[in-house]
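Here is a short set of exercises, each followed by a worked solution. Have the sequence and the model open, and try each task before reading on.

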Amino acid sequence: MSLIKAIVPFFCILITRWENWDFASTRVKNEIWKLFLANLLNLVTICVISAEFVLRKTYFRSQPIMSELAEFACREDQVGTSFLKLTLTDFLVGIVVTELVNWLWRLVSGKSEFSTSGETVSLLYFQSLAWVSLLFYPFLAVFMPLIFYIRFKYGYYVFHYHRRVPNESYASSVTPVTT
């Protein structure tokens, strides 16, 4: 799923750029809904796989995708731990990969342009994942404010030190209104 989450945004943005929209605000709106639907499909797939496991039903295959491990008291604990690992992995790997890409990009060509659509959807996906994780791992609620605060501060740091302002205006006042 992480590989899909890494590749799909590239293709969504590539397709939207290929569509050659007249206004930057229209392009960004189209990028956002395509990226959001792709990430939502990823999250729904994870939730369906987890529901299959917890409910002991199979929806798409003859055997469940996950197998029960002896170290967990029940299936819900196993799913909760999986969601916790997924949330923390998405959080930490997102920071590490972003830093690595920023560092390499600065070596090659200086600051990269801020991607409004990519950052917006990344934030929405992470928050959706964190909120779904709460269903099976309620103790995460103790750490969520700290995780969200660190993510906010890191986003602020990236925006101010690794990104430059987009060349195109995304103001909706520039986009003509059709009635």
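A residue is called buried when its relative accessible area is under 20%, exposed when over 50%, and partly exposed in between (1.4 Å probe, protein chains only). This is a predicted model, in which local features need pLDDT of at least 70, side-chain atom pairs count only at pLDDT 80 or more, and totals for chains, interfaces and linings use all residues. Residues are numbered from 1 along each chain as its sequence is written, and side-chain values use heavy atoms, with hydrogens and water left out.

**Exercise 1. The overall layout**

Work out how many helices and strands the protein chain has, and what share of its residues is buried.

Solution. Begin with the definition: helices (H or I, at least four residues) and strands (E, at least two) are DSSP runs, numbered from the N terminus. On that basis the protein chain has 5 helices and 2 strands. Next, put them in sequence order, which gives the pattern α-α-α-β-α-α-β. Finally, turn to accessibility: 27% of the 179 residues count as buried.

**Exercise 2. Checking helix lengths**

Compare the expected and actual spans of H2, H4 and H5.

Solution. The expected span is 1.5 Å times one less than the number of residues in the helix.

- H2 has 32 residues and should span 46 Å; the C-alpha atoms at its ends are 45 Å apart, which agrees.
- H4 has 21 residues and should span 30 Å, in agreement with the 31 Å between its end C-alpha atoms.
- H5 has 22 residues, for which 32 Å is expected; its end C-alpha atoms lie 30 Å apart, and this agrees too.

As a last step, look just past H2: Arg56 follows this helix and has a positive phi, near 60°.

**Exercise 3. The cavity and its lining**

Find the largest cavity and say which helices line it.

Solution. First, the rule: on a 1 Å grid over the protein atoms alone, a cavity is a set of points where a 1.4 Å probe fits but cannot get out, and lining residues have an atom within 4 Å of a point. Grid points are joined across faces, edges and corners, and a volume is the space filled by probe spheres set on the points.

Second, the count: the structure holds 1 cavity of 30 Å³ or more. The largest cavity contains about 40 Å³ of space.

Third, the lining: Phe36, Asn39, Leu40, Leu43, Leu124, Tyr125 and Ser128 surround the largest cavity. Helix H2 (24-55) and helix H4 (116-136) are the elements that each give two or more residues to this lining. H2 gives the most, with 4 residues.

Fourth, the chemistry: the lining has 5 nonpolar, 2 polar and no charged residues. Here Ala, Val, Leu, Ile, Met, Phe, Trp, Tyr, Cys and Pro count as nonpolar, Asp, Glu, Lys and Arg as charged, and the others, Gly among them, as polar.

Fifth, pick out one lining residue: Tyr125 lies in helix H4, and at 6% relative accessibility Tyr125 is buried. Its C-alpha atom is 8.0 Å from that of Leu43, although the two are 82 residues apart along the chain.

**Exercise 4. Aromatic pairs**

How many aromatic pairs are there, and which aromatic cluster contains Trp131?

Solution. Start with the cut-offs: rings of Phe, Tyr and Trp (its six-membered ring) pair if their centres lie within 6.5 Å; planes under 30 degrees apart are stacked, over 60 edge-to-face and the rest tilted. The count comes to 6 aromatic pairs.

Take Trp131 and Phe148: with ring centres 6.4 Å apart and planes at 45°, this pair is tilted. The pair links distant parts of the chain, since Trp131 is in helix H4 and Phe148 in helix H5 (residues 140-161), 17 residues apart. Phe148 has 22% relative accessibility, so Phe148 counts as partly exposed.

Now take Phe139 and Phe143, an edge-to-face pair with 5.5 Å between centres and 80° between planes. Phe143 is partly exposed, at 40% relative accessibility.

To finish, gather the cluster: Phe91, Phe126, Trp131 and Phe148 belong to one aromatic cluster.

Conventions:
On a 1 Å grid over the protein atoms alone, a cavity is a set of points where a 1.4 Å probe fits but cannot get out, and a pocket is an open set with protein on both sides within 12 Å along at least five of seven lines; lining residues have an atom within 4 Å of a point.
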